[in-house]
Amino acid sequence: MMAEMFHDEDADLSVIQSKKVAVIGYGSQGHAHALNLRDSGVEVVVGLREGSSSTVKAEEAGLTVLPIAEAVAQADVVVVLAPDQVQAQLYTEEIAPHLRPGSALLFSHGFNIHFGYINAPDGVDVVMVAPKGPGHTVRREFEAGRGVPVLVCVEQDSSGQAWPLVLSYAKAIGGTRAGAIKTTFREETETDLFGEQSVLCGGVSQLIQYGFETLVEAGYQPEMAYFEVCHELKLIVDLINEGGISKQRWSCSDTAEYGDYVSGPRVITPDVKDHMKDVLADIQNGSFAKRFMDDQTSGAEEFLRLRKAGESHPIETTGREVRSLFAWRQDLDSDYHEGSVAR
């Protein structure tokens, strides 16, 4: 069954233009939503905690910045774009007490609503517009007259007008230019977490590290191992992104394609799929969410230990040395400093 999809002609921009919007958070998604809304003629303010390092950035972009409570108190739509692990406390302390009856809570990820860390009161719409791309891409594509596809859903329609609001918001940030796909909070949350853990982040990272270790332990130079199992991955992923797995196979050599067919299943065996099912079960039953939130609440000891271990892997040292040879390389993210575990 094909997903239901909406485009520009399905959305009325005037719906969100008639609302006051408070964007809580000014990180990757927050800055893109706020700026795209403003450029679409929406009255928008940014809500930040006192002393936030993002205040100057938002003000320099010409946006009005207010304390979170004040921003929420005057808003018809409150857009919660803070990190997952802080949303519940932020909601309890600074959003819920000031939320106006008849207003809407909008999220870009369903984690806290789906797993019950945030329970919205009756009389408030709970909706989602989730761009399928990082914030800088959402902003860049909007400025270019294009858009990034978005997921849209309604969890609680107290007003009876939640869907027109969702589609209008999606249009204002450029999502309906590309397409807005109808889903649910449950589906978005569980598939997003599964994709991250089993393939996009966890699966790929572990596969790269194991490939690097296998070659180095067999006596090959670390630099050669890095090129073959990490550097060239982008070339493959770009081809898959452009035309699927079939284009990637069509584009590589016959030797590589044949090796794909006969050796891929030897590495990624059926038991990997069984383990994926276990990962999905932990997501569905809430145990992953509980483990993550409990750890964050207690100071993120496990999270920080695992981060440090990952950044200490030999492939990271080799990678920094190899990437320094790339004359065309540009550091696009000034907030990230290679080799530094501190964040």
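Angles of 65 to 115 degrees between helix axes count as roughly perpendicular. Keep that range in mind for the first stop in this predicted model.

**Stop 1: two crossing helices.** Select helix 16 (residues 287-297) and helix 17 (residues 301-311). They pack at an angle of about 95 degrees, with axes 6 Å apart, so helix 16 and helix 17 are roughly perpendicular to each other. Now show side chains at the contact: helix 16 brings Arg291, Asp295 and Gln296, while helix 17 brings Glu301, Glu302 and Phe303. Sorted by class, that makes four charged residues, one polar and one nonpolar.

**Stop 2: the largest nonpolar core.** Next, pick Ile16, Val21, Leu37, Val129 and Val152. These have the most contacts inside the largest nonpolar core, a set of 34 residues. To see where the core comes from, colour strand 2 (20-24), helix 2 (28-39), strand 3 (43-48), strand 5 (77-80), strand 6 (104-107), strand 7 (125-131), strand 8 (150-156) and helix 8 (162-172); each supplies at least two of the core residues. Helix 8 gives the largest share, with seven.

Zoom in on Val21. Which residues does Val21 touch, leaving aside neighbours within four places in sequence? Its contacts are Ile16, Leu37, Val42, Glu43, Val44, Val45, Ala75, Val77 and Val79.

**Stop 3: a second core, and helix 5.** There is also a separate core of 28 residues, including Ile24, Val80, Tyr91 and Phe185. Use Tyr91 as your way into helix 5 (residues 84-95), where the buried residues are Gln87, Ala88, Leu90, Tyr91, Glu94 and Ile95. What lies over them? Among the elements covering these buried residues are strand 2, helix 4 (68-73), strand 5, strand 6 and helix 6 (111-114).

**Stop 4: strand 8 and its partners.** Switch to a backbone view and select strands 7, 8 and 9. Strand 7 and strand 8 run antiparallel, joined by six bridges. Strand 8 and strand 9 (residues 180-182) run parallel, with three bridges between them. Click on Val150 in strand 8: Pro131 stands opposite, and in strand 9 the bridge partner of Val150 is Ala180.

**Stop 5: Thr184.** Carry on along the chain from strand 9 to Thr184, in the loop that leads to helix 10 (185-200). Is Thr184 buried, partly exposed or exposed? Buried would need under 20% relative accessible area and exposed over 50%; Thr184 has 42%, so this residue is partly exposed. Finally, draw a C-alpha to C-alpha distance from Thr184 to Cys153: the two are 5.2 Å apart in space, though 31 residues apart in sequence.

Note on methods. Residues numbered from 1 in each chain as written. Predicted model: local features only at pLDDT ≥ 70, side-chain atom pairs only at ≥ 80, totals over all residues. Heavy atoms only, no water. Axes fitted to C-alpha atoms, helices over the stretch in contact; angles between N-to-C directions. Helix = DSSP H or I, 4+ residues; strand = E, 2+ residues; numbered from the N terminus. Parallel < 35°, antiparallel > 145°, perpendicular 65-115°, else oblique. Contact = heavy atoms within 4.5 Å. Nonpolar A, V, L, I, M, F, W, Y, C, P; charged D, E, K, R; others polar. Core = buried A, V, L, I, M, F, W, Y, C linked by side-chain atoms within 4.5 Å. Buried < 20%, exposed > 50% of the residue type's maximum accessible area, 1.4 Å probe, protein only. Pairing = 2+ DSSP bridges.
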